[in-house]
Amino acid sequence: MFIGSLQTSPDTSVAGAFPNPSNVTGENYTNINNSINLLKGLVNSGIFTGGVIFFTVIFGLLVGYALAQMQFRGKGFVFGMMLLVQMIPFQLLLIPLYVMIVRDYGLADTYLGMILPFAINSTAVFVFRQYFLQLPSTLFEAARIDGASELRILWQIAIPLVKPAIVTAVLLTFIGPWNEFLWPFLVTKDQAIQPLAVSLANYISNVSATASNPFGAILAGACVLAAPAVALFIFFQRQFISTNIGSSVKG
């Protein structure tokens, strides 16, 4: 994809998978940027994805902790319903969500309208619950005996011990909204707030046919869209695979 984005003329043969100095140019990035403003699209994608991650982590920690370490009536039913939600395709919820967000709440062409349907991620809740279940219950019981509230226990004891879970939830959540096309496309008509995935799709549908090298321009936009995700996974690779929380009970 990266090599194709640098080609002056498209080469779809096997040889096109290898760099050719005589067929290298950076104009594809300039052309796609002039058409859809890559920086603005990246900022919009960052706001959309950042908002989703923020709410996912906050609600995921609260719900995951409650399901793992607190006792209340109906806890098993709540956990079962959470698992059931994972079996429902998001596409089945598009129409009622669209009516609620756009008509009832009036949040069309807003960042909040894009973020709300993804604010709670059942997968993240499940990840946090499983990590909290691994923590020794004696830690929480001792804190309760000392008079600490549940929120204080969560903030000062539980969260520092499940940092790998937070990184895992962030990485798992990031990919979804960052690449999301259908929902932002439905609720946004203003190009000024559309994420890069939507802008790139609009370019493919409406503008690419008139470009001198649409193949290279599309691949250039795809490289820009993929670069933050690749960088994030590389940067957090060690934290992502870390599951060592046994040190919390040493001594």
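Biologist: Which helices do the buried residues of helix 12 pack against?
Modeller: There are five partners: helix 2 (27-36), helix 3 (38-69), helix 10 (163-179), helix 11 (182-187) and helix 13 (214-235). Keep in mind that this is a predicted model.

Biologist: What makes helix 12 "mostly covered"?
Modeller: Helix 12 spans residues 196-206, and 8 of its 11 residues are buried. Buried means under 20% relative accessible area. The residues that pass this test are L196, A197, V198, S199, L200, A201, N202 and Y203.

Biologist: Where does T188 lie, and is T188 buried or exposed?
Modeller: T188 sits in the loop between helix 11 and helix 12. Its relative accessible area is 1%. The cut-off for buried is under 20%, so T188 is buried.

Biologist: What does T188 touch, leaving out residues up to four places away in sequence?
Modeller: T188 touches D109, M114, I193 and Q194. Contact means heavy atoms within 4.5 Å, so each of these partners meets that limit. T110 is 78 residues from T188 in sequence, yet their C-alpha atoms are 7.3 Å apart.

Biologist: D109 is one of those partners. What is notable about its phi?
Modeller: The phi of D109 is positive, about 55°, and D109 is not a glycine. Most residues other than glycine have a negative phi. D109 lies in the loop between helix 5 (94-104) and helix 6 (111-115).

Biologist: Why is D109 called partly exposed?
Modeller: D109 has 33% relative accessibility. Partly exposed runs between under 20% and over 50%, so D109 falls in the middle class.

Biologist: Where else does a residue other than glycine have a positive phi?
Modeller: N37 is one, with phi near 60°. N37 is found in the loop between helix 2 and helix 3. At 39% relative accessibility, N37 is partly exposed too.

Biologist: How many salt bridges does a search of the whole structure find?
Modeller: The search finds 2.

Biologist: What makes R103 and D104 a salt bridge?
Modeller: Their closest N and O atoms are 3.4 Å apart. The limit is a side-chain nitrogen of Lys or Arg within 4 Å of a carboxyl oxygen of Asp or Glu, so the pair qualifies.

Biologist: Are R103 and D104 buried or exposed?
Modeller: R103 has a relative accessible area of 63%. Exposed means over 50%, so R103 is exposed. D104 stands at 48%, so D104 counts as partly exposed.

Biologist: How do you know that E150 and R144 form a salt bridge?
Modeller: The closest N and O atoms of E150 and R144 are 2.7 Å apart. The limit is 4 Å, so this pair qualifies as well. E150 has 26% relative accessibility and is partly exposed. R144 is partly exposed at 29%.

Biologist: Why are helix 8 and helix 9 called roughly antiparallel?
Modeller: Helix 8 (residues 137-145) and helix 9 (residues 150-161) pack at an angle of about 150°. Angles over 145 degrees count as roughly antiparallel, so this pair gets that name. Their axes are 10 Å apart. Helix 8 passes helix 9 in a right-handed crossing.

Biologist: Which residues make the contact?
Modeller: Helix 8 gives L139, F140, A143 and R144. Helix 9 gives E150, I153, I157, A158 and L161. By type they are 7 nonpolar, no polar and 2 charged. Both R144 and E150 belong to the contact, and they form the salt bridge described above.

Biologist: Why do contact residues on a helix often recur three or four places along?
Modeller: An α-helix has 3.6 residues a turn, so residues three or four places apart point the same way.

Biologist: What is the class of E141, and how far is E141 from D109?
Modeller: The place of E141 is in helix 8. At 42% relative accessibility, E141 counts as partly exposed. E141 and D109 are 32 residues apart along the chain, and their C-alpha atoms are separated by 47 Å.

Biologist: Where does G26 lie, and what is its class?
Modeller: G26 lies in the loop between helix 1 (2-5) and helix 2. Its relative accessible area is 43%, so G26 is partly exposed. G26 and L6 are 20 residues apart in sequence, with C-alpha atoms 5.7 Å apart.

How values were computed: Residues are numbered from 1 along each chain as its sequence is written. This is a predicted model: local features need pLDDT of at least 70, side-chain atom pairs count only at pLDDT 80 or more; totals for chains, interfaces and linings use all residues. Side-chain values use heavy atoms; hydrogens and water are left out. Buried means under 20% relative accessible area, exposed over 50%, partly exposed in between (1.4 Å probe, protein chains only). Axes are lines fitted to C-alpha atoms, for helices over the stretch in contact, and angles run from 0 to 180 degrees between N-to-C directions. Helices (H or I, at least four residues) and strands (E, at least two) are DSSP runs, numbered from the N terminus. Angles under 35 degrees count as roughly parallel, over 145 as roughly antiparallel, 65 to 115 as roughly perpendicular and the rest as oblique. A crossing is left-handed if the near helix is turned anticlockwise from the far one by less than a right angle, and right-handed if clockwise. Ala, Val, Leu, Ile, Met, Phe, Trp, Tyr, Cys and Pro count as nonpolar, Asp, Glu, Lys and Arg as charged, and the others, Gly among them, as polar.
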